[in-house]
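Please examine the sequence and the structure shown below. The paragraphs after them proceed from the overall fold to the interior.

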Amino acid sequence: MATLTILPSGKTIDVGEGTTILAALLSAGEPIPHKCDGNAKCGSCHIYVQEGRKGVSKIAREENERLDSIVGVGSKSRLACQAKVLGTENIKVELLGFGSGL
Ligand code: FES
């Protein structure tokens, strides 16, 4: 279990190990786009992990390739549908409020 803090709303929720950040955000009622339903194909679920990056699963090849094609990607970027909560560290994510333009 880890606590997920969501910016900009400031909401905090408890998330179980193995849950994707996308699933956690949706269950919290956050307006996160997910056009490809979590298949690392659309990039619309792009978020920034502001804190607790070690508490999230590593970036796999598919996610990396998709991130490479998105505008505005930085070192904190993740696809919410691919990043799983490990439960080892609390996490703070920032919703970007815009799609990737794909
Ligand atoms: S929902 Fe499409 S890449 Fe995450």
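The following paragraphs describe the fold, the overall dimensions and the nonpolar core.

This is a predicted model, in which local features need pLDDT of at least 70, side-chain atom pairs count only at pLDDT 80 or more, and totals for chains, interfaces and linings use all residues. Residues are numbered from 1 along each chain as its sequence is written.

The protein contains 2 helices and 5 strands; helices (H or I, at least four residues) and strands (E, at least two) are DSSP runs, numbered from the N terminus. Read from the N terminus, the order of elements is β-β-α-β-α-β-β.

The C-alpha trace spans about 30 × 25 × 20 Å along its principal axes. The radius of gyration, taken over C-alpha atoms, is 12 Å, which agrees with the value near 13 Å for a compact globule of 102 residues; the globule rule is 2.2 Å times the number of residues to the power 0.38.

Two residues are in contact if their C-beta atoms, placed from the backbone, lie within 7 Å. Of the contacts with a separation of 6 or more, 71% join residues 24 or more positions apart.

Buried residues, those with 20 or more other C-beta atoms within 10 Å of their own, make up 28% of the 102 residues. A nonpolar core is a set of buried Ala, Val, Leu, Ile, Met, Phe, Trp, Tyr and Cys residues joined through C-beta atoms within 7 Å. The largest such core has 20 residues, and Leu4, Ile21, Ala80 and Val85 have the most contacts inside it. Strand 1 (2-7), helix 1 (21-27), strand 3 (46-51) and strand 5 (91-95) each supply at least two residues of this core, and helix 1 gives the most, with 4 residues. Leaving aside residues up to four places away in sequence, Leu4 touches Thr12, Ile13, Val15, Ala24, Val85, Ile91 and Val93.

Notes
A residue is buried if 20 or more other C-beta atoms lie within 10 Å of its own, exposed if 12 or fewer, and partly exposed in between; C-beta atoms are placed from the backbone.
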